[in-house]
Amino acid sequence: MSCVLLFIYLLSLINHGASYVDMMIPDRKYAFDMKLYEEVLDSDLCDAHIDYLRNNSQLLLEFLDAGIRTPRGIFTGNFMDLGNYYQCLALHRSSEVGAISGKYCLMNIPLSQGNLTLPELSQFPERLEIPLPDTPWFELGTNTRMISQDTVRRWKLYQRMKILKTSVTVEPESLSGLSLNLAVCIPKTCTTHEAFTKLLFNASAIGLEASENYCRLPNDKPWVAADYVAIVMFSIIAILTVISTSYDVRHTIFLERDPKQANKLLQSFSLYTNTRRLVTYTPVPGVLECLDGVRAFAMMWVILGHTFVNQLTDMMANPLDAQEWILSFRSVWITAGPITVDTFFMLSGLLVVYSTSGKMTRMKLLKNLHLFYLNRLLRMFPVLAAFILLQASVLNWISDGPYWDSVVEQTHRCRVFWWSTLLHIQNFYNPSHMCLPHSWYLAIDVQLHIISPLILFWVLGGRRRTAWLAMSAGLLAFLTGSTIYNFYMKFPSGPVVLSRLPEQPRYLSYYYINTLTRASPFFVGMMYGYVLHIYRGQKVLLSKMQSTILWISALVISSLVIYSTYQIMQLDWDNQTIDSIINSFMRPAWALAVGWFIFACVHGYGGPVNWVLSLPAWKLLSRLSYAMYIVHYPLIYLVNSTAVAPIYFSVHASLFKFLGDFLLAALVAFVLTVFVDAPFSTLIKMFMSSDQKQAEKRAINNGKENRKKIQPIQL
């Protein structure tokens, strides 16, 4: 107990002081060629190219057509227009002053332009026939009354929701803090300031405030070390796959020999065997069938939530409509989505007890503790390492778009902080710059497995009272530590609480990815795993009244957890005490409810719920769930970043997009599992001692004997 409390104390100190490491990226690791952007600039050539454009109206119109225009849907919150990215980069014209090529840039223009003085018509170049309104231009001063106060408030609220790091005070009738993001297409030899000044007007002279976000050029992605490593590693895997598959097909199909007599090492990378194993299910005594459905539904909820969230914070043509939907009761099934990760924590705790009990004694656990840790780490390593390498190299090359900065940011992070993800310390060392931002779950899961032997030692002792005391003490210690921590830190109660948006970076780094605050579902799962182990192969008798009360209690608890998100999402929500209570007890309560669903299904009290969760259709998704979790989030970023224009948000369109995201994640996970996970799993099993296999066989035989001696137990 004292060891657990000491660990919790140290954990809270580490998390409270978690390092926010700035991403100092060496030139060799940038996803864009930073030198290229500097090398193409030439002021003299820029003057010559601008003069040429003034005398070539067709080419000038092509540049203007690919660039700046007014965003469509400003009154629904769209402040972005992306021009025509591919048209701009495709512009290339040979001339007597040298080749003129297009450069795509995104400009930031604040809506608050208090010192803006419009030029006279005569100040514009004579050759440019630009229609200007006879009436004064739209006044963008800080006290404008041309837009309703309510619209400005909604604009600012969305701006705060989109950029959580900024703290914007919502002042009536003020446009300060809001800005337009507009694409421009200019000759690559010019800076945006030079292009505006020489082609249109002197922006500085008239007081126009504008800044350059970024620029893009054709072929601006340099080859780096990660790309060469990826080519070598994946080429080796491909060669091994071809050799192994050829051997397996010849042995099994052409020579018609028994597959069991094949060389396991030579067969390990075979697509034929690995695919067959993945899609073939052989019933095993003692397996909890309903867990497949729980994993599958939890994974679908995770992907569904990320599909919606990434649309709400990226390019959107009507973000204010989306914002209103978020505030409505209809969005609860999305805003409550983060709780589903605690389902995986509960399952992890359940399985660590259920799978070790009956196979190990406490002395065997101590003697093989290194194998216990090694098995967990090696089991997760191949898929994680493979996709980190993909993110650091291949995904940056696979496509492109005007919003490619989102993918580039993930590429940068994986090139700099890949090692902290593989060591599972990214939630401590670089929480704001994680390679694979959703990998914090894996870090916490590994850290909880590292401390789990402190509880397993007593659970495997054989005495039920000691086991229950150990698990209760662990749960109580973490609940106490996290409750004190939550009430002291005064966090908001969700990842996106609109009334407290400036606090979200602090919430995400110090609460959401904190092992201390996320551990309690794991210990609840350990308790359920122990109960399932105690009654393994036995019939538990419950009266209809007892099962009904337990079902109602579980449904009420899970419903309260889900629907509480509606109230805390409201703009007038302000109750720190309730926030701290929710942060402390919502997650173990959810685990308690889900644990009952599993227990009821295993022991015959699930009814139609058990039938749905135990369908064979979920088995493939269950086996792919880990790989799907790893790949789905970067793939959503990838697809969203290929958009060439803001996308109109609607629930129906988002559901269709979810189907695409889910199918893509499943397909990539299938390929990654067959080519990487399955082969290396075979090698890992061969590497580990044969004692583990013998223990599994004994456990299976014991399970068969226990089933023959099934006796009802009255609770």
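In which helix is Gln410 found? Select helix H17, residues 405-422, and Gln410 will be found within that span; keep in view throughout the tour that this is a predicted model.

With Gln410 still selected, turn to its surroundings: the residue has a relative accessibility of 4%, and because buried means under 20% relative accessible area, Gln410 counts as buried. Leaving aside residues up to four places away in sequence, Gln410 touches Gln391, Met434, Leu436, Pro437 and Tyr637, so displaying these five side by side with Gln410 shows its contacts.

Next, select helix H28, which covers residues 617-641, and look along its path to Ser625, where the helix bends by about 55 degrees. H28 is mostly covered, with 20 of its 25 residues buried.

Move now to helix H8, residues 225-254, and pick out Val232, which has its place there. Val232 is partly exposed, its relative accessible area being 48%, and together with Val229, Met233, Ile236 and Leu240 it forms a nonpolar patch on the surface, for which the accessible area of these residues together is about 400 Å².

Finally, colour the model by pLDDT: the protein averages 83, and 81% of the residues score at least 70. Select residues 1-22, over which pLDDT stays under 50, and for which the model has 42 contacts beyond four places in sequence. Then select residues 706-715, where the pLDDT is likewise below 50 and where the stretch has 20 contacts in the model beyond near neighbours in sequence.

Conventions. Residues are numbered from 1 along each chain as its sequence is written. This is a predicted model: local features need pLDDT of at least 70, side-chain atom pairs count only at pLDDT 80 or more; totals for chains, interfaces and linings use all residues. Side-chain values use heavy atoms; hydrogens and water are left out. Patches are made of residues with over 30% relative accessible area and no salt bridge: like charges are joined within 9 Å, nonpolar side chains (Val, Leu, Ile, Met, Phe, Trp, Tyr) within 5 Å. Accessible areas come from the Shrake-Rupley method with a 1.4 Å probe; for residues, only the protein chains shown count as cover. A salt bridge is a side-chain nitrogen of Lys or Arg within 4 Å of a carboxyl oxygen of Asp or Glu. Helices (H or I, at least four residues) and strands (E, at least two) are DSSP runs, numbered from the N terminus. Buried means under 20% relative accessible area, exposed over 50%, partly exposed in between (1.4 Å probe, protein chains only). pLDDT is the predictor's confidence in each residue, from 0 to 100. Contact means heavy atoms within 4.5 Å. The bend at a residue is the angle between axes fitted to the seven residues ending there and the seven starting there.
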